[in-house]
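Let's take a friendly walk through a small part of a protein model and then step back to see the whole. Keep the sequence and the 3D view open as you read.

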Amino acid sequence: MRKYSLYTTLKTSNPYPHKFVKVVCDARTSWIIVKGALTYSEIERCDLIYYGHNMTYERCMAEIERLRRL
């Protein structure tokens, strides 16, 4: 089973990581799903906020929907 990590950024002008599976955006936030995990330097370069790892793709999407309602 593939495992994914979830990150977010509040700035739309930040670069995206070199590898990602899906990006979900709204007016103020971008949620980024990646396979595996990103290195610290990649998180820092893209100014990302870490939300979790070792999740299924479906769990990542459910977490994004939950966070969008907050």
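## Threonine 9

Threonine 9 counts as buried in this predicted model, because its relative accessibility is 3% and the limit for a buried residue is under 20%. This threonine belongs to strand β1.

Which residues does threonine 9 touch, once neighbours within four places in sequence are left aside? The partners are Asn14, Arg28, Thr29, Ser30, Cys46, Asp47 and Leu48. With Asp47 there is also a polar link to look for: a polar atom of the side chain of threonine 9 lies 3.5 Å from the backbone oxygen of aspartate 47. For a longer view, find the end of the numbering at leucine 70, which is 61 residues along the chain from threonine 9; the C-alpha atoms of these two are separated by 16 Å.

## Threonine 8

Now move to threonine 8, which is also found in strand β1, a strand made of residues 4–9. Is threonine 8 buried or exposed? It is buried, because its relative accessible area is 3%, and anything under 20% falls in that class.

Not counting residues up to four places away in sequence, threonine 8 touches Thr29, Ser30, Trp31, Asp47, Leu48, Ile49 and Tyr51. The contact with Ser30 deserves a zoom: the backbone oxygen of serine 30 is 3.0 Å from a polar atom of the threonine 8 side chain. Aspartate 47 is on the list as well, although 39 residues of chain separate it from threonine 8; the distance between their C-alpha atoms is 8.7 Å.

## Two residues with positive phi

Aspartate 47 appears in the contact lists of threonine 8 and of threonine 9, and its backbone is worth a look too. Where does aspartate 47 sit? Its place is in the loop between α1 (40–46) and β4 (49–55). Aspartate 47 is not a glycine, yet its phi is positive, at about 55°. It counts as partly exposed because its relative accessibility is 38%, which lies between the limits of 20% and 50%.

Asparagine 54 also has a positive phi, near 60°, in a residue other than glycine. You will find asparagine 54 in strand β4. With 53% relative accessibility it counts as exposed, because that class begins over 50%.

## The whole chain

How many helices and strands does the protein chain have? There are 2 helices and 4 strands, and from the N terminus on they run β-β-β-α-β-α. The radius of gyration is 11 Å, close to the 11 Å that the globule rule gives for 70 residues, so the chain is as compact as a globular protein of that length. Its C-alpha atoms fill a box of roughly 30 × 30 × 15 Å along the principal axes.

Contacts between distant parts of the sequence feature strongly here: among contacts with a separation of 6 or more, 70% involve residues 24 or more positions apart. Of the 70 residues, 37% count as buried.

## Surface and charge

Finally, look at the outside. The protein chain exposes about 4,600 Å², and carbon and sulfur atoms supply 54% of that area. As for charge, there are 12 positive and 7 negative side chains. The centres of these two sets lie 4 Å apart.

How values were computed: Residues are numbered from 1 along each chain as its sequence is written. This is a predicted model: local features need pLDDT of at least 70, side-chain atom pairs count only at pLDDT 80 or more; totals for chains, interfaces and linings use all residues. Side-chain values use heavy atoms; hydrogens and water are left out. The radius of gyration is taken over C-alpha atoms; the globule rule is 2.2 Å times the number of residues to the power 0.38. Buried means under 20% relative accessible area, exposed over 50%, partly exposed in between (1.4 Å probe, protein chains only). Contact means heavy atoms within 4.5 Å. Accessible areas come from the Shrake-Rupley method with a 1.4 Å probe; for residues, only the protein chains shown count as cover. Lys and Arg count as positive and Asp and Glu as negative; His and the chain ends are not counted. The place of a charge is taken as NZ of Lys, CZ of Arg, CG of Asp or CD of Glu. A polar contact is a pair of N or O atoms within 3.5 Å; within protein, one must be able to donate a hydrogen and the other to accept it, and residues adjacent in sequence count only if both atoms are side-chain atoms.
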